Every structure is written in C-alpha cells, then in structure tokens.
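Biologist: Please take a close look at a single part of this model and describe its backbone and surroundings in one connected account.

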Amino acid sequence: MSVDQTAKDRITVALLGCGVVGSQVVRLLREQADELTARVGVPIEIGGIAVRRPQRHPDVPAELLTTDAAGLVARPDVDVVVELMGGIEPARDLLLDALKAGRSVVSANKALLAEEGEALATAARDSGADLYYEASVAGAIPLLRPIQQSLAGDRIRRVAGIVNGTTNFILSAMESTGAGYADALEEAGRLGYAEADPTADVDGYDAASKAAILASLAFHTRVTAADVHREGIREVTATDIASARALGCTVKLLAICEQVAGDSREAEGHGDSVSARVYPAMIPKSHPLASVSGAFNAVFVEADAAGPLMFYGQGAGGPQTASAVLGDLVAAARNRVIGGRGPRDTAYAHLPIQPIGEVRTRYHVNVDVHDRAGVLAAVASVFAEHGVSIATVKQEGGREADDSATTGDDADHGGGQGTDATLVVVTHEAPDAALRATVDALSGLESVRGVASVLRVEGLGRPVHALGGAQ
Ligand code: NAP
C-alpha cells in the first residue's frame, strides 16, 4: 500500500512506549499543540499509546492507553507510528508492519536501527513511507539530518566522537577525582547516569549501535552493530588516566567511523573500505573533544569540501531526546500533509569493513619489567621486530631516578637482577595486528613481568603535537 496523498485535516500518531522519552513527547505535543499545528498546517493528535503496564501511567488519559501495540499500529486512522519502546522485538515487527501499511515511522531505537536498518529502509522505500530516526544517535543533537541532507553534496571522510553520556560521565569522574572505575560507576548509578545493568553503556554496545548508524549514513553503505569493533571502559584504570594526564591527554570512549582509501590499506589491491570502531583512547587535551565532560556528547564530522564540523549537546534525557523525536514527527507530518517524502536510504556504496587488525593508530603501552641490564634493549627489539616504531620510552620505578624520561638505551643498567620497574612506551602509528603481536611477544620475554595496559592514542585527524617525540 502506498502513502495516502489526499488532503488531511489532522495527523494521527500511534505512540509505542510512554517511558522516559515517550512521556516527554506526550507533554510537548500537548503543551505546544498550537505552534505545532501552525508549523504542520493541521493538528497532530495522539490516537493511542501502547504500554506494558497501563496502571503505571495515571497522567495519561486512560482511553488512549492500550497494551495491544499491534492493534494500534494496524488502525486505519494512524498516519505516523512513533516508536519509543526500545529493544528489537516486538519493535521490529511492529515497525515493519507499520511501514508496509504505508504509515510513516519515527524511532529513537538505536539497537533496532543498527541491526535491522536495511529491512526497515527497504519496507519504507517499497511503500513510500517515511522512516526517521534522528533521536537514535546523540539525543538532542541534530546530527543525522545534517549528515543525510546538509552534507548530501559533499564527501564525508570521518565521523568521530563521544556518543555515550554514561561512559563519558564515568571517565570524567575518574579524571577529576582520581577515582577508580568501580567507584566512578557507582557514583554514576547513584546520580542516575548509569542503569542498574550498565552493560550496554560500559561495554560499548550502545556506542557501537550509534557508530553503525553514523557510518551507514555518512558513507552510503550498510554497517551493522556487528561490523563495529567494540571495546568498553571496564579495563580503564586510574593509572591509565594518570598516564594520559602525564602525556597531556585525557581518556574518552570514542566512536570512530572512517572511509579508508584503498591505497592506504596494508594489503595492496583493496578498494575503499569502512572502518567503524568503538574503544577508549587517549586524546590530546588540546583537542575540542577532550573538554566534552559529564553526560554531554560531541561528534566531529570531516567532509572534503566543508572541512571539519563539530556537533555538541545533550546526548540523552527525556526532554532532550523528545525534542529530536518531535523534529522527526513534524517532518513526517508535513510530508503527509503535502504528499511528499523524506530522503530515501542511500546505501548504494556496498563498502567492505576494514578488519581491525589493519587499523593504524598510536599506542601507549605500560610494560612491567625486572629492572636489570639489557631489559630496555630487549623490549625495544620486540617492538622493532614487529614493525612498531617507538616514539618515546619513559621508565618509572626501578633503580635509577624515578620519572626519568629517556628515549635511548639509557634505562639499561649494569648487571644484576634489579628491582621492578615500568616502561611506558608510546609508539608511532602502527597497525592494530602488529601491536597485538608485539604485546604477545613481550609477555613471553623473561625480563618482562607483564604488559600492564595498552591504550590507543588518537590524534583524531590533527597532528598530535602535544605528545613528546610525536611524529
Ligand atoms: P523506557 O523509559 O524504558 O520506556 C519504554 C516504554 O515502552 C515504557 O512505557 C514501556 O511500557 C513501553 N514498552 C516496552 N516494551 C513494550 C511492549 N512490548 N509493548 C508495549 N509497550 C512496551 O525507555 P526510554 O528511556 O524512554 O527509551 C525509549 C527508546 O528511546 C529506546 O529505544 C532508547 O534507546 C531510546 N533513547 C532513549 C534515550 C534516553 O535518554 N532515555 C535517549 C536516546 C534514545 P511501561 O511503561 O508500561 O513499562
């Protein structure tokens, strides 16, 4: 069935979910009814609201509430389905049914869009209905529409940023108080920034879904959450944060999406590919993303002609996310009124995913060693054997003066078993696979007690002047 293009005297909305975000959408639709009518041309009315437990919603008129979400979506008077229930099922089937029936869909459901984006886009294309999901990435921040529409005439090369407020809050708290991960997580939970089960946030799943959506739109290709290399923040220690500070850096959980030119890949004969990855990394304090703290989000977009652009604001929260939902709802409503359509899905590029082993970045590696003759030379030769070039080495602890920065073999001391020390190595850019192989080989050295931590150092497209010995 195709979209009904006859003149409409109202837009009827089926709301699926009335929680943190949905309840704010209901409030704003009520409070701003006159302005929205003026902007759309006809009133936007709520036809029904599907929830699981109607008794938990005393503020909503009882006649609007239903537990029959499928029945609500199927109602012939519904023009737009706004999905704010979350999760994959039943949201997926409900939205596919809605789109196949020609209803426009607005969703904030990043997990669903990142997993089932292709099926939803196909259903929308086939029926001519709209599919909008601005609120699924970075909450209130207008980001998907600029990527999809404002930059539609440009070539986007990179989208990188902080897209998860919970992890940013935790890392900011670790930075400002010196707390360890567990204490910072507990504080985040107490203040309402972390869920009772923080897995989706701290293990990077939420950010990976957002990275998949961003990469798909930016590079006109299909990227799912499973394509995104994902590492969370559980392993980040207070020592890592202190090491970052000593280098003039801070630690952030980054989502990085890049279109990688074929000739810059390790193996020859490859065409362009897409790299999408989520991991904690040190970034220079001089980079604008470094000052994004607490629950805020910020995303850098780099395009050939436009150059760098930065988007900043609140990435979650009921009213904030509802703002983005209402923006989409107004767009869908306007299209229904004038009989137009929003932009189609443009996943025409079919780019392969660059394996994480080929991704090049810099690394900060803490190697715990027995401080004795030849240890630095042995460690340095393992890096060299794997093609990983060292930018700086600093020794902490051990026999000689603590905190002595060295870049040569000055840290090698004469004979004896020596005491324990840590070598803090910062590398030049190297492929991930080479660094992993280096770490494995280091662990096998007799003079090495263990590799205490490995953190990436990202320059985010700008020279990393802040780092001693940087190239
Ligand atoms: P929430 O507070 O947990 O609310 C979910 C709502 O959906 C509840 O009203 C719940 O009903 C209803 N629901 C869940 N499963 C249902 C089912 N099977 N049938 C009928 N109703 C069902 O969630 P939220 O925080 O508002 O998030 C909603 C969506 O927005 C999610 O996709 C989330 O990822 C996205 N999002 C949220 C934020 C944010 O700051 N919260 C930011 C960006 C995007 P009951 O109330 O009866 O339990």
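**A bent helix and the loops around it**

Modeller: Ala152 is exposed, with a relative accessible area of 52% (buried means under 20% relative accessible area, exposed over 50% and partly exposed in between, with a 1.4 Å probe and protein chains only). The model is predicted, and local features need pLDDT of at least 70, side-chain atom pairs count only at pLDDT 80 or more, while totals for chains, interfaces and linings use all residues. Residues are numbered from 1 along each chain as its sequence is written, and side-chain values use heavy atoms, with hydrogens and water left out.

Ala152 belongs to the loop that joins helix H6 (144-150) to strand S7 (156-162) (helices are DSSP runs of H or I with at least four residues, strands are runs of E with at least two, and both are numbered from the N terminus). From Ala152 to Asp440 the C-alpha distance is 44 Å, with their positions 288 residues apart in sequence.

The part that merits the close look is helix H5, residues 110-127. Its 18 residues place the end C-alpha atoms only 22 Å apart, short of the 26 Å that a straight helix would reach at 1.5 Å a residue (the expected span is 1.5 Å times one less than the number of residues). H5 bends by about 85° at Glu116, the bend being the angle between axes fitted to the seven residues ending there and the seven starting there. Glu116 is itself among the buried residues of H5, which also include Leu112, Leu113, Gly117, Leu120 and Ser127. The buried residues of H5 pack against strands S4 (80-83), S5 (104-107) and S6 (131-132), and against helices H4 (91-100) and H10 (205-219) (contact means heavy atoms within 4.5 Å). After H5 comes Gly128, with a positive phi near 80°.

Two of these packing partners, S4 and H4, are joined by a loop that holds Pro90. The peptide bond from Glu89 to Pro90 is cis, its omega lying near 10°.

Another partner, S6, leads into the loop before H6, where Ala138 lies. Although Ala138 is not a glycine, its phi is positive, about 65°. Ala138 counts as buried, at 1% relative accessibility. Positive phi in a residue other than glycine also occurs at His350, where the value is near 50°. His350 sits in the loop between helix H12 (318-338) and strand S13 (360-370), and at 65% relative accessibility it counts as exposed.
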